[in-house]
Amino acid sequence: MSTPSTAPITVGVSLKAYFTHARATSWCGDVAARVAALPAIADGRVRLFVIPSYLQIPAALAAFAGTPVLVGAQDVSAHPPGAFTGEVTAAELAEIGVRVAEIGHAERRRLFGETDADTAAKASAALSEGITPVLCIGEEDRMDAAAAARANLHQLQADLDGAPAGPVIVAYEPVWAIGAAEPAPDAHISVVTRALRDALDADPARDGSTVIYGGSAGPGLLTRLGDAVDGLFLGRFAHDPDALVAVLDEASAAATRTSRTRTARARTARLQQRGETSGKAHGLADPLQSRGVERGAEGGAA
């Protein structure tokens with residue numbers, strides 16, 4: 001992938017466990033053919049990652065070979081290679097070409113009892129092998145935007161506790177919006193995602209990180225949110241390749257319209273404006289006070 005002069009807009013898709021192996025193979029081939037015609041992906045202005053099931057990863061890697069599309073895994077073991085029956089290690093995933101790993105999804109937390117400590121261990125394992133975590137966080141219950149931002153900042157801190165340096169893709173997915181008819185309100189999303197991005201920008205160990213939104217995301221949302229997000233994380237909506245391409249076209253237009261430069265100079269200026277220091281290697285700041293965001297003051301009731 002070529003390196004653009006501005007940070008790319010990131011669009012991700014998780015296939016979860018919906019597809020058979022044959023359907024996943026066909027879907028990946030169809031999407032690969034379609035994205036080959038999108039200049040914004042070829043030149044790096046839009047970054048696409050696809051996360052199939054474990055057994056579908058080799059077929060996805062073959063389908064997207066020679067394209068800039070990143071292939072990911074829906075989970076990763078917190079353990080190193082060894083006597084851990086049934087686990088899939090970060091080392092093996094990296095060896096076959098996996099570039100991102102989905103970690104901490106609400107379903108993993110709810111159905112399998114995964115905790116923030118489990119998520120942090122998996123994030124550490126991924127980063128140690130050069131795999132970028134797609135770190136899923138989000139409040140369970142509806143609350144006002146400022147309270148949601150604080151809850152997610154706390155979760156972000158816990159989920160990266162002890163993790164080695166490296167960029168992460170933070171997928172903000174309010175649990176109450178997953179599978180809903182509509183995404184969270186635009187103003188609510190903006191308050192939370194801006195707070196998360198500011199915290200990541202204030203931590204030199206997370207240089208190059210991005211914040212995307214998931215939770216019933218679809219066409220039009222990326223345009224409405226503007227520079228409040230760095231992209232979208234799509235679910236069942238993107239199982240239709242036409243629908244996925246519609247969002248990629250929207251991302252391409254946004255990349256053309258909007259300057260998304262996020263250089264070290266810009267980060268330094270923002271830190272100085274907030275009067276913060278960047279001496280802590282793994283410190284995630286709380287940016288809400290400097291924004292003047294108090295409970296209920298921005299975003300209203302979600």
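# Salt bridges, helices and buried faces in a predicted model

Student: In this predicted model, which residue forms a salt bridge with Arg34, with the closest N and O atoms 2.5 Å apart?

Tutor: The partner of Arg34 in this salt bridge has its closest approach, N to O, at 2.5 Å. The pair links distant parts of the chain, since one residue lies in helix α10 (residues 241-257) and Arg34 in helix α1, 208 residues apart. At 47% relative accessibility, the α10 residue counts as partly exposed, and the residue asked for is Asp242.

Student: Which side chain in helix α1 (residues 21-35) lies four residues from Arg34 and meets Arg34 in a salt bridge?

Tutor: Both residues of this pair lie in α1, and their separation of four residues is about one turn of the helix. Arg34 is partly exposed, with a relative accessible area of 30%, and the other residue, at 29% relative accessibility, also counts as partly exposed, a class that lies between 20% and 50%. The side chains meet with N and O 2.7 Å apart, and the partner of Arg34 is Asp30.

Student: Why does the end-to-end distance of α1 agree with what its number of residues suggests?

Tutor: Helix α1 has 15 residues, and the expected span takes 1.5 Å for each residue after one has been left out. On that basis α1 should span 21 Å, and the distance between its end C-alpha atoms agrees because that distance is 21 Å.

Student: How are the buried residues of α1 placed around the axis of the helix, and within what arc do they fall?

Tutor: The buried residues of α1 are Ala24, Trp27, Cys28, Val31, Ala32 and Val35. Seen down the axis they line one face of the helix, whereas Ala22 and Ala33, on the other side, are exposed. What covers the buried residues includes β1 (9-14), α2 (39-42), β2 (46-51), α3 and α10. The arc within which the buried residues fall is 130 degrees.

Student: Is Phe64 buried or exposed?

Tutor: Phe64 lies in the loop between α3 (57-63) and β3 (70-73), and, leaving aside residues up to four places away in sequence, Phe64 touches Cys28, Val31, Ala32, Val50, Val69 and Val71. Phe64 and Val31 are 33 residues apart in sequence, while their C-alpha atoms are 8.7 Å apart in space. The relative accessibility of Phe64 is 2%, and because the cut-off for this class is under 20%, Phe64 counts as buried.

Student: Which residue caps the N-terminal end of α6?

Tutor: Helix α6 covers residues 116-128, and its end C-alpha atoms are 18 Å apart, in agreement with the 18 Å that its 13 residues should span. At the N-terminal end, a side-chain oxygen of the capping residue lies 3.3 Å from the backbone nitrogen of Ala117. Just after α6, Gly130 takes a positive phi of about 80 degrees. The residue that caps the N-terminal end is Thr115.

Student: Which elements are included in what covers the buried residues of α6?

Tutor: The buried residues of α6 are Thr119, Ala120, Lys122, Ala123, Ser124, Ala125, Ala126 and Leu127. Among them, Lys122 also belongs to a network of salt bridges that links Lys122 with Asp75, Arg108 and Glu114. The cover of the buried residues includes α4 (90-96), β4 (100-103), α5 (106-112), β5 (132-137) and α7 (145-159).

Student: Which residue forms a salt bridge with Arg194?

Tutor: The closest N and O atoms of this pair are 3.0 Å apart. The pair links distant parts of the chain, with Arg194 in helix α8 (residues 186-201) and the partner in the loop between α9 (221-225) and β8 (231-234), 33 residues apart. Arg194, at 27% relative accessibility, counts as partly exposed, and the partner, with a relative accessible area of 42%, is likewise partly exposed. The partner of Arg194 is Asp227.

Student: Which residue of β6 is the bridge partner of Leu135?

Tutor: Strands β5 and β6 pair in the parallel sense over four bridges. In β6 (residues 169-172), Ile169 and Ala171 point one way and Val170 and Tyr172 the other way, and all are buried. The bridge partner of Leu135 is Val170.

Definitions and conventions. Residues are numbered from 1 along each chain as its sequence is written. This is a predicted model: local features need pLDDT of at least 70, side-chain atom pairs count only at pLDDT 80 or more; totals for chains, interfaces and linings use all residues. Side-chain values use heavy atoms; hydrogens and water are left out. Helices (H or I, at least four residues) and strands (E, at least two) are DSSP runs, numbered from the N terminus. Buried means under 20% relative accessible area, exposed over 50%, partly exposed in between (1.4 Å probe, protein chains only). Contact means heavy atoms within 4.5 Å. A polar contact is a pair of N or O atoms within 3.5 Å; within protein, one must be able to donate a hydrogen and the other to accept it, and residues adjacent in sequence count only if both atoms are side-chain atoms. A salt bridge is a side-chain nitrogen of Lys or Arg within 4 Å of a carboxyl oxygen of Asp or Glu. The arc is that of the directions from the helix axis to the C-beta atoms. Two strands pair if DSSP finds at least two bridges between them.
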